[in-house]
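Subject: Structure handover

Hi,

Here is the structure I promised to send over. Have a look at it first, and then read my notes underneath.

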Amino acid sequence: MAAITLLCMGKLKERFYMDAAKEYLKRLGGFGAVTLLELPECRLPDNPSRQEILAGLKKEAALVREKLPKGSWL
């Protein structure tokens, strides 16, 4: 069986989204071991400039690359 790792930026807060994610993970479990990793979002000021947005996206991308299991597919 396959090992499935889901990387998500941010955490789910609304109850209906958490319930939907739980059901989705349960269904994926039939295909292999499922791991869900919720990574922290990069916080931006209220009116971010284009440079601040790009810097935040680069930080989030670096965090995703860091947390990817070795030998994984994207």
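Below is what I found, starting with the pocket and moving on to the helix and a few single residues.

One thing to keep in mind throughout: this is a predicted model.

**The pocket**

The largest pocket comes out at a volume of about 190 Å³. Its lining draws on Ala2, Ala3, Ile4, Thr5, Leu6 and Leu7, along with Leu68, Pro69, Ser72, Trp73 and Leu74. If you sort that lining by type, you get nine nonpolar residues, two polar ones and no charged ones.

**Ala2 and Ala33**

Ala2, one of the lining residues, belongs to strand E1, which covers residues 2–9. Its relative accessibility is 42%, so Ala2 counts as partly exposed. Setting aside neighbours within four places in sequence, Ala2 touches Phe31, Gly32 and Ala33. As for Gly71, it is 69 residues away from Ala2 along the chain, and the two C-alpha atoms are 12 Å apart.

Ala33 is worth a click too. You'll find it in strand E2, which runs over 32–39. Ala33 has a relative accessible area of 51%, and because the cut-off for exposed is over 50%, Ala33 goes down as exposed. Beyond its neighbours within four places in sequence, Ala33 is in contact with Ala2, Ala3 and Ile4, and those three also appear in the pocket lining. Between the C-alpha atoms of Ala33 and Met1 there are 7.6 Å, with 32 residues separating the pair along the chain.

**Helix H2**

Now for H2, which takes in residues 50–67, 18 residues in total. From first C-alpha to last it reaches 26 Å, close to the 26 Å expected at 1.5 Å a residue.

Which residues of H2 are buried? They are Gly56, Glu60 and Leu63. These buried residues cover an arc of only 60° around the axis, so they sit on the same side of H2. What covers them includes E1 and strand E2. Turn the helix round to the face away from its buried side and you'll see the exposed residues Arg50, Gln51, Lys58 and Arg65.

Two other H2 residues caught my eye:

- Ala62 lies in H2 and is classed as partly exposed because its relative accessibility is 37%. Its C-alpha is 28 Å from that of Ala20, which is 42 residues off along the chain.
- Lys67 is also placed in H2 and, at 38% relative accessibility, counts as partly exposed. Leaving out neighbours within four places in sequence, Lys67 is in contact with Leu7, Leu37 and Leu39. The C-alpha atoms of Lys67 and Leu7 are 8.1 Å apart, with their positions 60 residues apart along the chain. Leu7 is itself one of the residues lining the largest pocket.

**Where I'd start looking**

If you have the viewer open, colour the pocket lining from Ala2 through to Trp73 and Leu74. Then bring up H2 with Gly56, Glu60 and Leu63 as its buried residues, and strands E1 and E2 among what covers them.

Cheers

Key. Residues are numbered from 1 along each chain as its sequence is written. This is a predicted model: local features need pLDDT of at least 70, side-chain atom pairs count only at pLDDT 80 or more; totals for chains, interfaces and linings use all residues. Side-chain values use heavy atoms; hydrogens and water are left out. On a 1 Å grid over the protein atoms alone, a cavity is a set of points where a 1.4 Å probe fits but cannot get out, and a pocket is an open set with protein on both sides within 12 Å along at least five of seven lines; lining residues have an atom within 4 Å of a point. Grid points are joined across faces, edges and corners, and a volume is the space filled by probe spheres set on the points. Ala, Val, Leu, Ile, Met, Phe, Trp, Tyr, Cys and Pro count as nonpolar, Asp, Glu, Lys and Arg as charged, and the others, Gly among them, as polar. Helices (H or I, at least four residues) and strands (E, at least two) are DSSP runs, numbered from the N terminus. Buried means under 20% relative accessible area, exposed over 50%, partly exposed in between (1.4 Å probe, protein chains only). Contact means heavy atoms within 4.5 Å. The expected span of a helix is 1.5 Å times one less than its number of residues. The arc is that of the directions from the helix axis to the C-beta atoms.
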